[in-house]
Amino acid sequence: MTQESISAIEGSTAPHEHPFPPLTRGWGWLSWLSTTDHKKIGVMYMVTSLFFFGVGGIEALLMRIQLAAPNARVLTPQEYDNIFTMHGTTMIFLVVMPIFIGLANYLVPLMVGARDVAFPRLNALGFWVFLLGGIVIYLAGFTGSLANAGWFSYAPLSEFSYSSRPGIDYWIVGLIETGVGTIAAAVNLLATIVRYRAPGMTWRRMPLFVWMMMITSLIILYALTPLNAGLIMLLGDRVLHMHFFRANVSGGSAILWQHIFWFFGHPEVYIMALPAFGIMSEVVPVFSRKPIFGYTFVAGSGIAIGLLSFMVWVHHMFAIGLTTAVNGAFSAASMLIAVPTGVKIFNWSTTMFRGRLRLDAPLLFAAAMIIQFVIGGITGVMFAAVPIDWQLTDSYFVVAHMHYVLFGGSMFGLWAGIYYWFPKITGRMMSERLGRWHFWLAVIGFNMTFFVQHILGLLGMSRRVYTYPNLPDYGTLNLISTIGAFILGIAVLMFLWNLVWSFRHGEKAGDNPWDAWTLEWATTSPPPEHNFEKLPPVRSARPLFDLNHPDLAEVTPSPTTEGTA
Amino acid sequence: MTTANSAAGAARGPNVNRHKVGMLFFISSEIFFFLTLLSSYAYLSGAFGNLPRESLAVPRTFVFSLFLFSSSLTVWLAERAFHRGRHGTFRLWMLATIALGLVFLTGQGIEYHELITSGITLNYDVFSSAFFTLTGFHGLHVITGLIMLSSLTGLSFAGKLGPKNESALATIAYYWHFVDAVWVAVFSVAYLIFV
Amino acid sequence: MHRLYSSVNSVLNPASPYAAHIGHLFWITFWISMAILLAVSAFVIFNLIRFRDRGQEGLPPQTHGNTLVEVTWTAIPLAILVVLFVLTMQTMAAVSPPRHPAGDPVNVDVIAHQWWWEFRYPGSHVVTANELHIPAGTSIELKLTSKDVIHDFWVPELGRKMDAIPGHPNTMVIEADKPGVYLGTCAEYCGAGHAWMRIRVVAQTEADYHSWLTAQAQPHPAPRTAAEANGKALFVGLTCSSCHNISGSGAPAGQVVGPDLTHLADRQSLASGALPNTPKDLRAWIADPTSIKPGAHMPNLHLTSSQLDALVAYLEEQP
């Protein structure tokens, strides 16, 4: 028998020198603290992210209360500035990124038929460092001031002379820590995907969620380190009085900060979008009962997005006075990136065409995601048209845009994924009834909150303002947005309640409640510690489909197949 | 369900060791860290004035750089000895690598000392901020590499390093070559191009 | 919805050839986008309804894809974007300062501060704050810079926005078709006072503009009443003049920290748009600036009631 075939019997080739030490077995709290099991680590990532989601959500509601009427005095501008900074920071670094990393941590080894990730102990370290980073960022609260220069912390406002309280220092250190954790997770996922796929799983037989997580991990590797460099330089300026970004004073450059930050910041938004795209590519086909339309194009468009994501960062800087040539080049690149994104949208929609659609919660969220993401994508293309950006950047129009893609897109995609995989993780189905309440309240609340913000931006309302003058329609539209936010808040509560209720009382799920096709469904729900007793043969992207429908099974060609199975 | 010899053509990823894969991905990520510091250095260089030319010792630093570059050769020779099972030779070349790395760091130390005593401290101006940060982080990476090399050498002396640890040696060697390559870039940018 | 077109401050209510160019580009992009949104949404909703599971037997056809379809829906968006890109470049050129301006454009130096706008008219040495007077029907070149952090000048009806960055001067053009008052705001988060760093542009006929400019160049009116004289003495004697300048007050011109207050009475608002310009509001502002604009750098000098009355009298003096 070959080396590979031995490992096939064992279920994977993730080499643990020792079996799980006694401390980490079982479900006691000590087992969670000391675990190196990707499933437990994934769950810890996700639970932590949900906690921070609550925090970020409360921050959002506080902002919306303050903005409900003109000249309100519920919050001082200093309080508001702290809160909007923390809202952005929390949602991006402590919610969306880690929740997708958690989901990937849980699913990727299962989906490729491995026993764990390539570096289980590094995995655990990465989680705890991430958690520490999140705590450090909020620890600043004890100094009397959280970070307050916005989540992108532009210099010179973020320099010591304009922000002398230590909130930003904590923010920087905390972000460097979460960054280290994130990079560790990315290295782990990549090594796992490169090395530990089941026998027979060629690149073209890999689930699309795994493809997207692979690309996301590559983006993380090359975007997070520039951010770390920039953060170190800013900390140097603030604490050691260095001169990187101190314009006006000593030859430093405020614009350099923006280049460094957005070189990270733009790929960052794709780090937050691609996993959701991966979820869509899993959920839509299963609930349409037919394969994804255009697997190769969906995978390929992900690669294109990954590459292009590093070539568009200046579109966040169109209004700072760079040359026409620079603006034009980045305008073209930013328009170009809409093409592969559109390809995905079209492929998902066409997967549904002539399918047999099960209108369960996962598909409902997926369908809403498509429409909402298209709206966000459209306004994105508008921003790529430089003169339109020159009017609308830094206004509520861009606040609307970003929330349509990140919430209407990524969060709805995430919800689809949670309803889909909750049974696998917990062994129980989520309540479909609560799910529908959650869905409709979310659709109504989300769109009510953010659609009117397009109009506010067109009416000249600038962003990051703690209040606004009583100009025509500003008050009404802001009030509508606030009401929508509370409806959305209720939707989120329904979702959290659904999680808790279903965990205790949900219908037992069984191995494969959705009649799905990828390897994670070829084991129990939840899976045993070592993931698989046995693996089905992998000859296409849908191993379980091939097993259950041998007459319809198709072999995806692999480079070394001599003939069909 | 599958048995050992599953589908014809069990083509999966390259049969590379996970540690090597992990280190290579990590190194590729660190490259972008240094690219950021290097491009920031270049971006800010317009405000440096004559300071680099007046205060940096180019020829001397070049000589010290040669020590670092030759340490890549010695670590390669160490690996070769290891593969041939000649552990005594292996340890010798490892010690040589570490010594060469230390000499390089000493050179950096001398350079820093001269700058600081002539008033160009860490936060003196844009040039000093950029220079110390760029070379300083490279230096930190060198120190990390030296620690790892020393650990391996120590384990070998204690008789605890054998053929099964081949991947540990390989990954640390990758890291060391990376640190070397970064210095090529840093030296070129800080001592040759923007001086 | 019609308010979008008629409202003050609206991007889609252009009062300027520049804003009109951008509005035009916006509408083209908007309608193309609407078509795409409608098509995709209709398709998705159609699928949800038409192909929902009705309990049929068997599986639907397991279609894997269609290369021609893929190429088509890649090529068509690409073609649309090429057109959009060309329009983008044309519009960029149309709203940017001309390389070879005809004649002598009116230009104003705009220096952004936390949290107010300094306007200097180079030709005539006029310095004012927060309210920008321009002649209507002419291109105005604004040279933007900042004394502290990054700010952004945005008056939607008159044209694009542009950052005012320390160490990186920028130039932009605005123009008002007709006389009128146009509102704007700082559009780059700049600290606690960002929300109240508003801009008021007063476009006037050539004649009115020149009389305004001439009047502004005169020193602040000399005191005529006892209260006004008292106010002037306080302005010079207390710390007011170390931050603010009033030409003709006799105080030496120091560093520019706070807005120039010469001819304050002519302005329509105070504190960069936070208050209307009335004696009562001015009094409230001086008495306790941070109660109106939290975070404002102007200290509370704990003045007595009569000191406040005197200062207000002097500051609001009309010529």
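Colleague: Two residues are in contact if their C-beta atoms, placed from the backbone, lie within 7 Å. Among contacts in chain B between residues at least 6 apart in sequence, what percentage join residues at least 24 apart?

Modeller: This is a predicted model: local features need a pLDDT (the predictor's confidence in each residue, from 0 to 100) of at least 70, side-chain atom pairs count only at pLDDT 80 or more, and totals for chains, interfaces and linings use all residues. Residues are numbered from 1 along each chain as its sequence is written, while chains are lettered from A and ligands numbered from 1 in the order in which they are written. For chain B, the share of these contacts that join residues at least 24 apart is 83%.

Colleague: How many helices does chain B have?

Modeller: Helices (H or I, at least four residues) and strands (E, at least two) are DSSP runs, numbered from the N terminus. Along its sequence, chain B reads α-α-α-α-α-α. Its strands number zero, and its helices come to six.

Colleague: Is chain B more spread out or less spread out than a compact globule?

Modeller: The globule rule is 2.2 Å times the number of residues to the power 0.38, and the radius of gyration is taken over C-alpha atoms. For the 195 residues of chain B the rule gives 16 Å, while the radius of gyration is 21 Å, so compared with a compact globule chain B is more spread out.

Colleague: What box do its C-alpha atoms fill, and what percentage of its residues count as buried?

Modeller: Taken along the principal axes, the box for chain B is roughly 70 × 40 × 20 Å. A residue is buried if 20 or more other C-beta atoms lie within 10 Å of its own, exposed if 12 or fewer, and partly exposed in between, with C-beta atoms placed from the backbone. Of the 195 residues of chain B, the buried share is 37%.

Colleague: Over which residues of chain B is the pLDDT below 50?

Modeller: Chain B has a mean pLDDT of 92, and 92% of its residues reach 70 or more. Where pLDDT is low, the predicted coordinates should not be read in detail. One stretch has 42 contacts in the model beyond near neighbours in sequence, yet its pLDDT is below 50: residues 1-13.

Colleague: Let's turn to chain C. Which strands are the edges of the sheet β4-β10-β9-β6-β7?

Modeller: This open sheet of five strands in chain C has mixed pairing, where two strands pair if DSSP finds at least two bridges between them. An edge strand here pairs on one side only, which describes β4 (131-135) and β7 (161-164) of chain C.

Colleague: Which helix packs on this sheet?

Modeller: From one strand to the next, the twist averages 25°. The packing helix touches β4 and β10 (198-204) of chain C, and its direction makes about 135° with that of β4(C). Axes are lines fitted to C-alpha atoms, for helices over the stretch in contact, and angles run from 0 to 180 degrees between N-to-C directions. The helix, residues 206-217 of chain C, is α4.

Colleague: Is β4(C) enclosed or open, and what is the bridge partner of Leu132(C)?

Modeller: Five of the five residues of β4(C) are buried, so this strand is largely enclosed by the rest of the structure. Glu131(C), His133(C) and Pro135(C) are buried on one side, and Leu132(C) and Ile134(C) on the other. β4(C) pairs with β10(C) in the parallel sense over five bridges. In β10(C), the partner of Leu132(C) is Val201(C).

Colleague: Why is one side of β3 and of β8 of chain C left without a neighbour in the sheet?

Modeller: These strands belong to an open sheet with mixed pairing in the order β3-β2-β1-β5-β8 (chain C). β3 (126-129) and β8 (170-174) of chain C are left with a free side because they stand at the edges, each with a single partner strand.

Colleague: Which element supplies the largest share of the side of chain C that touches chain A?

Modeller: Of the two pairs of chains that touch, A and C have the most contacts, with 74 residues from chain C and 77 from chain A. By class, the chain C side has 40 nonpolar (Ala, Val, Leu, Ile, Met, Phe, Trp, Tyr, Cys and Pro), 24 polar (the others, Gly among them) and 10 charged (Asp, Glu, Lys and Arg) residues. Its largest share, 14 residues, comes from α2(C).

Colleague: How far apart are the nearest C-alpha atoms of chain B and chain C?

Modeller: Chain B and chain C do not touch. Their nearest C-alpha atoms are separated by 12 Å.
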